[in-house]
Amino acid sequence: MTTPPQPSEPTAGSTTVIRPPAGWQLINFAELWQFRDLLYFLAWRDVKVRYKQTLLGVAWAILQPGLMMVIFTLIFSVITQTYDKESPPYHVFVLSALLPWTFFATAIANAGNSVVGSERLITKIYFPRLAVPFASVGAALVDFAVALPLLLIMFPFYGIVPGWGVLLLPVIFLVLVLSAAGVGTMLAALNVAYRDFRYIIPFLVQLWMYATPNIYLDLKPPDPERVTRFSWVKQLLPLNPMTGLVESFRAALLNEAIPWHDLGFSAAMALVFFFVGCFYFRRVEDSFADVI
Amino acid sequence: MTVLTIQNLAKCYRVQATGKTKSAYGYRTLRDDLTDWVKTPLRWFGNAAAASVQDFWALRDVSFDVKRGEVLGVIGHNGAGKSTLLKILSRITKPTLGEVRLKGRVGSLLEVGTGFHPELTGRENIFLNGAILGMRRHEIQRKFDQIVDFAEIEPFLDTPVKRYSSGMYVRLAFAVAAHLEPEILIVDEVLAVGDLSFQRKCMGRMREVGRSGSTILFVSHNMPAIEALCTRALLLDHGKVAMDGGVHELVQEYHRRVLATHGDGGSTLSDLNSPTRVHKIFRSVTMLDEKAEPTNFLPVGGRFHLRLVLDAPIAVEAPNVTIGIDDSLGQRLLSLQTPLTNSVLPRLQQSGVLECVVESLPLAPGDYWVKLGLAAVPDEIDEIERALRFTVTEGELFGSGRGHHRGLCVTPSQWSFQAM
């Protein structure tokens with residue numbers, strides 16, 4: 001019927017030491033790598049369950065940025081005609097930013113609620129806790145991959161030919177994933193300690209969207225005289241990692257000049273977010289099972 | 001070879017005293033912390049714990065070693081620290097003091113079906129649950145057929161588990177866990193689920209795991225299971241190791257201590273408060289032996305005699321009294337009710353003694369709880385879960401000279417045989 005257990009697998013013979021919490025600890029990438037299958041299955045579960053439970057299933061991944069594109073196009077291009085460039089058309093312009101933005105927003109919102117939502121797992125079994133928010137980011141990646149073709153099929157219609165900048169896309173996207181993972185992880189940990197974050201997160205996502213040049217052009221102040229009072233605010237925008245990342249993502253895709261200055265700032269900020277988020281998470285993860 | 005070393009392990013929980021402004025739930029809200037910070041800025045720098053916080057030591061100074069191949073049963077009454085110990089060993093929570101060293105791969109099973117998702121199919125859940133338990137994908141693939149065989153769910157492999165019966169669900173969950181093949185297996189009360197034949201299969205599997213050289217730590221309230229499986233036992237009491245040694249001896253000691261906390265065959269109930277006690281009718285409950293002496297032990301198939309002392313703070317018209325007998329997992333095995341046997345009580349307006357006798361209690365050896373209920377149409381007036389604990393002991397069943405039997409119930413039976 002069943003065979004007796006055979007000698008065990010990879011970690012055989014290794015010694016695990018359990019000690020009181022040590023305070024700040026490093027991110028244990030080796031352990032995360034060891035649990036990569038868990039990461040994969042958790043992300044896969046999120047995607048699968050979401051699409052099984054909804055009527056339109058996987059179509060939501062396309063509909064969400066697609067509908068936003070339609071709405072913003074109506075507002076900014078058709079009704080108010082704020083957007084006056086010939087090429088690319090506004091809907092391509094806005095969708096090329098909405099895709100990375102939607103990824104980011106979905107990732108941080110889901111990751112932010114992921115640990116609280118995995119209460120059963122966390123109180124019953126050990127695994128590297130970072131796998132939970134990371135898996136949520138992974139699930140958002142799947143949505144992104146599903147929605148991306150919507151943008152790409154528009155390119156031939158409008159004669160848009162991506163240039164060399166496309167080669168930069170993977171790097172930009174990787175940094176985007178890192179910043180989403182960092183912010184999501186931070187929110188996930190805060191959410192365990194303070195359930196208020198359940199309500200803060202949607203608000204934060206909305207606010208963040210307006211702080212990111214997704215839907216509007218990088219508006220240059222038309223009159224140098226008016227620069228004086230609030231121009232410093234614009235200097236701060238790249239501190240929002242999404243500013244430079246979304247701008248450069250769009251620029252790289254649509255063959256425009258890469259805003260290197262903003263990209264550099266934003267990438268640095270993204271890394272800061274990633275490490276701060278992960279370190280904070282690691283600092284408090286030992287208490288999850290006790291307070292959740 | 002020692003595979004598990006535990007030194008001076010302790011775990012302290014911060015318990016928030018009631019009646020304070022702190023959130024009544026385990027977690028804090030932002031508002032709580034913000035007001036705290038404003039009120040006591042010094043706490044920002046880590047001094048002075050809030051006065052409303054009390055320390056509760058769930059474990060204290062626990063030290064012991066476990067050798068390779070040992071099957072250690074951890075026993076103790078509720079709140080003795082068993083679960084906390086397992087949680088620390090499974091790395092779910094960290095100790096406050098002390099150190100644990102574990103050699104080899106640890107598999108912990110504090111619950112069957114952790115991470116099962118109702119929307120996913122049996123097949124999908126095998127992979128998900130396996131990964132959660134720490135198995136690699138190829139490992140699950142390799143053992144997939146064995147797991148399905150063990151769980152006996154092959155026709156339903158592609159049905160979402162939300163459509164499974166609870167028995168199928170548990171079988172599948174245990175099957176995945178049973179194929180984890182760890183070097184150290186940590187098991188909580190999980191074997192207690194599922195039907196009897198499956199329980200036996202699980203026990204068999206655990207024995208197999210034990211024989212193959214794996215080390216097992218097993219927590220249970222089910223003393224027969226502890227005695228059947230374990231090679232050594234550890235008795236915890238109030239967070240400390242009370243005794244460490246032979247299984248039989250410790251199980252005896254465990255029974256003795258349970259008895260000590262639950263009185264000599266009786267429980268005084270008048271001081272017991274619970275929301276289900278609208279009026280405190282039940283004053284005490286006592287189990288009596290053949291000589292009408294209080295006892296907590298009943299030989300299998302023996303005479304069950306319960307004496308209830310009732311008070312009548314209010315007059316109760318034609319009350320119905322229910323005596324429920326639950327096993328240690330809370331499953332109702334017997335329900336003895338006055339109306340069902342036509343023993344209708346008169347109007348209750350003064351104190352009195354109510355006796356209930358079952359000539360031959362048809363329950364297998366094990367630990368049981370008595371639940372008491374008193375109702376008068378239409379209201380529940382007094383209800384006490386776990387009013388009294390008693391043990392049915394192994395014994396000569398129905399004078400046959402044989403004590404060995406299986407199942408939840410025992411009953412005399414007549415057999416006849418005619419050669420043809």
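Okay, quick definition before anything else: two strands pair if DSSP finds at least two bridges between them. And keep in mind that this is a predicted model.

So, let's start between the chains. S1 of chain A and strand S4 of chain B, residues 97-103, are joined by four bridges and run antiparallel. If you want one spot to click on, take A:Val17, whose bridge partner in S4(B) is B:Arg101.

Now the wider contact. Chain A puts in 40 residues, and chain B puts in 51 residues. On the chain A side, the elements giving two or more residues are strand S1 (15-18), helix H2 (36-53), helix H5 (119-124) and helix H13 (288-291). Who gives the largest share there? That's H2(A), with eight residues. By type, the chain A side splits into 19 nonpolar, 12 charged and nine polar residues.

Right, over to chain B on its own. There's an open sheet of six strands here, with mixed pairing, and the order goes S5-S6-S7-S3-S8-S9. Strand S5 (106-109) and strand S9 (240-245) are the edges, so to speak, each pairing on one side only. From one strand to the next, the twist averages 15°.

Zoom in on S3 and S8 of chain B, residues 71-75 and 232-237: they pair in the parallel sense, over four bridges. In that pair, B:Gly73 stands opposite B:Ala233 of S8(B).

Last thing: what lies across this part of chain B? Helix H2 of chain B, residues 82-89, lies across S3, S6 (184-187), S7 (215-219) and S8, and runs at about 145° to S7(B). That's me done, thanks.

Methods:
Residues are numbered from 1 along each chain as its sequence is written. Chains are lettered from A and ligands numbered from 1 in the order in which they are written. This is a predicted model: local features need pLDDT of at least 70, side-chain atom pairs count only at pLDDT 80 or more; totals for chains, interfaces and linings use all residues. Two residues are in contact if their C-beta atoms, placed from the backbone, lie within 7 Å. Ala, Val, Leu, Ile, Met, Phe, Trp, Tyr, Cys and Pro count as nonpolar, Asp, Glu, Lys and Arg as charged, and the others, Gly among them, as polar. Axes are lines fitted to C-alpha atoms, for helices over the stretch in contact, and angles run from 0 to 180 degrees between N-to-C directions.
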